[in-house]
Amino acid sequence: MNRTTLTLIGAVTALAAVTGVAAVAAPGDETPAGVSAAGRKPVERSTLVCPQASTSDVAETEYTAFSPKGGEGKGGAELYPAPEADADGPPDEGGKGDKGKGEKDKKDGKKDGAAEEKPVVPLKAPGKPVTATTDVADGPALVGSADGRFAPGWTVQQTTQVAAGAGRGLQGSACSVPDTDFWFPGASTDKQRQDHVQLTNPDSTSAVVDLDLYGKDGRQRTASGEGITIPPHSTVPVLLSTLTTQPMTNVALHVVSRTGRVGAQVRAVDEKLGGDWLSAAADANPSAVLPGIPGDATAVRLVVFAPGENDADLKVRLASPSGQITPAGHETLHVRGGMTAAVDLRDLTKGEAGSLVLTPSEGDATPVVAALRVTRGKGAKQETAFIPSTAPVEERATAAGSRDKGSRLSLTATGKSAKVRVTSSAGSDGGSPVSKTYTVKGNTTKSLVPPRPDGGKGSYAVTVERLSGGSLYASRMLERETDGVPAFTVQTLPDDRGMVSVPDSGQDLSVLTEGD
């Protein structure tokens with residue numbers, strides 16, 4: 001075990017620099033030892049990565065950025081393009097990674113290529129969203145940061161409407177926080193699917209990433225997913241079917257960064273069933289909650305993966321508006337260690353929106369990751385979206401990009417009932433925020449239309465705050481029917497971790513563990 005002696009100031013600074021979060025306490029929980037209520041502070045910096053929007057010539061993408069009020073200081077929030085690069089080469093000519101331009105910018109003390117780039121959806125003030133729209137095919141990925149009063153809860157929604165062709169429908173994604181480890185259960189290398197993982201590097205040094213696929217028979221051995229280099233401020237798309245010679249309908253993708261950090265999301269495009277973004281599942285846990293299955297879902301496929309060698313035995317329940325129910329014929333699910341299990345849950349919702357809850361059978365504590373592929377519509381008018389397992393809303397979470405029509409919120413309380421405040425922000429073109437308080441009964445799902453901003457015009461953000469009670473899970477669905485196709489996309493709402501707990505000056509931080 002390696003140990004390092006740090007001063008108090010150095011310890012807090014190091015924690016904030018690496019994660020943006022020190023010891024986080026959920027509302028209603030005990031305050032961590034050595035932390036006073038007065039020691040809770042807003043985060044001072046946040047980083048986000050948005051994937052490359054679309055490769056279709058008949059697509060339109062809207063970006064909406066938002067930061068809730070409550071931060072401190074001045075600061076700002078903006079994104080810049082991150083051009084596409086070959087897996088082992090520099091970005092395309094003229095991008096941020098262009099050698100000559102990058103060297104000049106470094107001498108000027110600026111971000112690579114940022115000197116001549118215009119920021120995308122820069123925020124002017126917390127509490128008011130900003131939108132931007134583009135119909136350019138192969139639009140770039142975006143990377144950026146927020147600091148000062150804009151940092152806590154900064155979120156950016158990317159929503160693409162594809163008019164026709166493969167992937168037609170609505171593709172939505174909340175821009176993600178860069179990290180070093182991601183799981184994507186629910187991906188596919190089937191011939192009918194074209195799944196790309198978008199790997200985007202927000203930093204000024206290269207990242208090196210490994211990709212592994214796990215199917216029903218375990219890991220698929222391949223060398224093509226090892227040691228993929230992502231140049232600075234660039235994005236690299238990888239077609240998953242190129243990582244294996246065996247087409248597989250249901251796989252779990254594991255993304256691990258050897259060096260550096262990346263943003264990672266999977267664009268899943270189906271020739272017949274539309275497409276959407278598959279976001280990473282929450283960290284592996286013996287239990288999983290997948291919130292926001294629409295009541296009119298015509299098909300629901302559950303994909304679960306158990307990392308490690310141990311098998312997992314899970315109870316499968318649907319948290320409906322009236323309580324938990326057991327899907328007929330699917331009371332339990334056995335998942336072999338290191339393998340992927342998939343099951344089709346037919347006629348699951350019976351017309352009422354709900355959330356899937358997976359809990360370990362008695363005596364089992366094997367961690368799992370999970371995702372749902374949800375289908376709406378029938379025949380040639382079908383559309384799909386994905387719901388990964390998500391972390392709970394400990395204090396607050398926000399989804400940007402809602403509209404007057406076609407926005408729905410799902411709130412699920414596990415265990416005890418939860419008291420929740422939902423706030424719709426001012427619109428991007430005016431208006432003022434409106435808040436409403438709800439009680440979500442234990443082990444149920446409440447599906448609701450968010451309150452409309454007072455006099456609001458344009459796009460608005462929806463903020464969910466857990467005020468008291470049991471664990472809360474949330475998601476937001478956007479829907480736009482086009483030519484009879486019930487196009488939709490679902491974004492889960494994990495906690496925004498906008499507050500950190502700063503240790504009291506009297507706490508002994510003379511020894512911190514850095515690793516085993």
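Which residues point one way from β12, and which the other way? Select β12, residues 207–215, to see the two sets. A207, V209, L211, L213 and G215 point one way, V208, D210, D212 and Y214 point the other way, and all are buried. Buried means under 20% relative accessible area, exposed means over 50%, and partly exposed lies in between, with a 1.4 Å probe and protein chains only. In a regular strand the side chains alternate between the two faces of the sheet.

This is a predicted model, in which local features need pLDDT of at least 70 and side-chain atom pairs count only at pLDDT 80 or more, while totals for chains, interfaces and linings use all residues. Residues are numbered from 1 along each chain as its sequence is written, and side-chain values use heavy atoms, with hydrogens and water left out.

**Stop 1: β12 and its partners**

Keep β12 selected. Nine of its nine residues are buried, so β12 is largely enclosed by the rest of the structure. Strands here are DSSP runs of E with at least two residues, helices are runs of H or I with at least four, and both are numbered from the N terminus. Two strands pair if DSSP finds at least two bridges between them.

Add β16 (residues 251–259), which runs antiparallel to β12 and is joined to it by seven bridges. D210 has V256 as its bridge partner there. Next add β14 (residues 228–230), which pairs with β12 in the antiparallel sense over three bridges; V209 is matched with I228. Then add β13 (residues 218–220), antiparallel to β12 and joined to it by three bridges. A hairpin connects β12 to β13 through two residues, and G215 stands opposite G218.

**Stop 2: the aromatic cluster**

Show the side chains of W183, Y214 and F305, which ring pairs link into a cluster. Rings of Phe, Tyr and Trp (its six-membered ring) pair if their centres lie within 6.5 Å; planes under 30 degrees apart count as stacked, over 60 as edge-to-face and the rest as tilted. The whole structure holds four aromatic pairs. In one of them, the ring centres of Y214 and F305 are 4.8 Å apart and the planes are at 50°, so the pair is tilted. Y214 lies in β12 and F305 in β20 (residues 299–305), so the pair ties together parts that are 91 residues apart in sequence. Y214 counts as buried at 14% relative accessibility, and F305 counts as buried at 1%.

**Stop 3: an open sheet**

Select the strands β15, β11, β17 and β18, which form an open sheet of four strands in that order, with antiparallel pairing. β15 (234–239) and β18 (274–278) are the edge strands, each pairing on one side only. Neighbouring strands of this sheet are turned by 20° against each other on average, direction ignored. Angles run from 0 to 180 degrees between N-to-C directions, and axes are lines fitted to C-alpha atoms, for helices over the stretch in contact. Zoom in on β17 (residues 263–270), which five bridges join to β18. D270 has G274 in β18 as its bridge partner.

**Stop 4: β32 and its neighbours**

Move to β32 (residues 460–482), which runs antiparallel to β28 (residues 396–402) and is joined to it by five bridges. A397 is partnered with V464 in β32. β29 (residues 407–424) pairs with β32 in the antiparallel sense over 15 bridges, with T423 matched to T463. β33 (residues 485–492) pairs with β32 over eight bridges, again antiparallel. E479 stands opposite F488 in β33.

Now show R376 beside F488: the charged end of R376 sits over the ring of F488, 5.1 Å from its centre. A charge sits over a ring if NZ of Lys or CZ of Arg is within 6 Å of the ring centre and within 35 degrees of the ring normal.

**Stop 5: two positive phi angles**

Which residue in the turn between β32 and β33 has a positive phi? It is D483, with phi of about 55°, in a hairpin with two residues between the strands. D483 is exposed, with a relative accessible area of 65%.

Select D347 next, in the loop between β24 (340–344) and β25 (354–360). Phi of D347 is near 50°, a positive value in a residue other than glycine. At 55% relative accessibility, D347 counts as exposed.
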